[in-house]
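Visitor: I am new to this structure and would love a close look at a single part of it. Please take me to the largest pocket, and then along the elements around it.

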Amino acid sequence: MLLLLAVAERVMKCVRKSYTIARTGGDEFIIVLPEITYPVNAAIVANKILDTLSKPFFLEGHELNTTVSIGISLYPVDTVEIDNLIKKADLAMYLSKEQGKNTYRFYKSDMNTHV
């Protein structure tokens, strides 16, 4: 639990205070970036998160290293429905994990054939 809290603290420093960060279960988080209008801006935020979480955590005398996989879906480009937006980001995240962790992937419609 300490590691999840430390991760959340670091992620909060990567985004504006007005953005929403929520833990959805396990070790997964959703970050809503309402002011993002261009995909490159989402990539900038993703790179900040990857960079900050690549540094070791020091908790209770232990050094812990994490890996991060980020999936990105864009409103309204990918969908206008919130549930589908989350599903598409989730699919992109799982493909990011498969393809080497510590990276991010944007959702693309051909990812649906991968499932």
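Guide: What follows is one walk, from the whole chain to the pocket and on to a few residues of interest.

First, how to read the picture: this is a predicted model, in which local features need pLDDT of at least 70 and side-chain atom pairs count only at pLDDT 80 or more, while totals for chains, interfaces and linings use all residues. Residues are numbered from 1 along each chain as its sequence is written, and side-chain values use heavy atoms, with hydrogens and water left out.

Let us begin with the whole chain. You can find three helices and six strands in it; these are DSSP runs numbered from the N terminus, with helices being H or I of at least four residues and strands being E of at least two. From start to end, the order is α-β-β-α-β-β-β-α-β. The chain is as compact as a globular protein of 115 residues, because its radius of gyration of 14 Å is close to the 13 Å from the globule rule (the radius is taken over C-alpha atoms, and the rule is 2.2 Å times the number of residues to the power 0.38). Along the principal axes, its C-alpha atoms fill a box of roughly 45 × 30 × 25 Å.

Now for the pocket itself. The largest pocket has a volume of about 1300 Å³. A pocket here is an open set of points on a 1 Å grid over the protein atoms alone, where a 1.4 Å probe fits, with protein on both sides within 12 Å along at least five of seven lines; lining residues have an atom within 4 Å of a point. Points are joined across faces, edges and corners, and the volume is the space filled by probe spheres set on them.

The lining is made up of 42 residues, and the closest to the pocket's centre are Phe-29, Ile-30, Ile-31, Ile-70 and Gly-71. Helix 1 (2-12), strand 2 (28-32), helix 2 (39-53), strand 5 (69-72) and helix 3 (82-98) each give at least two residues to this lining. Helix 3 has the largest share, with eight residues. By class, you will meet 29 nonpolar, seven polar and six charged residues in the lining. Here Ala, Val, Leu, Ile, Met, Phe, Trp, Tyr, Cys and Pro are nonpolar, Asp, Glu, Lys and Arg are charged, and the others, Gly among them, are polar.

Let us visit some of these elements in turn. In helix 1, the buried residues are Leu-4, Ala-6, Val-7, Ala-8, Arg-10 and Val-11. Buried means under 20% relative accessible area, exposed means over 50%, and partly exposed lies in between (1.4 Å probe, protein chains only). These residues of helix 1 pack against strand 1 (20-25), strand 2, helix 2 and strand 3 (57-59).

Next, step over to helix 3, where Ser-96 lies. Ser-96 counts as buried because its relative accessibility is 0%. Beyond its neighbours within four places in sequence, Ser-96 is in contact (heavy atoms within 4.5 Å) with Ser-69, Ile-70, Lys-101, Thr-103, Tyr-104 and Arg-105.

That list leads us to strand 6 (residues 103-106), the home of Tyr-104 and of Thr-103. Thr-103 is buried too, at 18% relative accessibility. Not counting residues up to four places away in sequence, Thr-103 touches Leu-50, Val-68, Ser-69, Ile-70 and Ser-96. With its neighbours within four places set aside, Tyr-104 is in contact with Ala-43, Ala-46, Asn-47, Leu-50, Ile-70, Ile-72 and Ser-96. So Ile-70, which was among the residues closest to the pocket's centre, appears in the contacts of Ser-96, Thr-103 and Tyr-104.

Follow one more of those contacts to Asn-47, in helix 2. Asn-47 is partly exposed, with a relative accessible area of 40%. Its C-alpha atom is 8.1 Å from that of Thr-103, although 56 residues separate the two along the chain.

Two loops close our walk. In the loop between helix 3 and strand 6 sits Asn-102, with a positive phi of about 50 degrees. Pro-76 is in the loop between strand 5 and helix 3, and a cis peptide bond with omega of about -5 degrees joins Tyr-75 to Pro-76. For comparison, most residues other than glycine have a negative phi, and most peptide bonds are trans.
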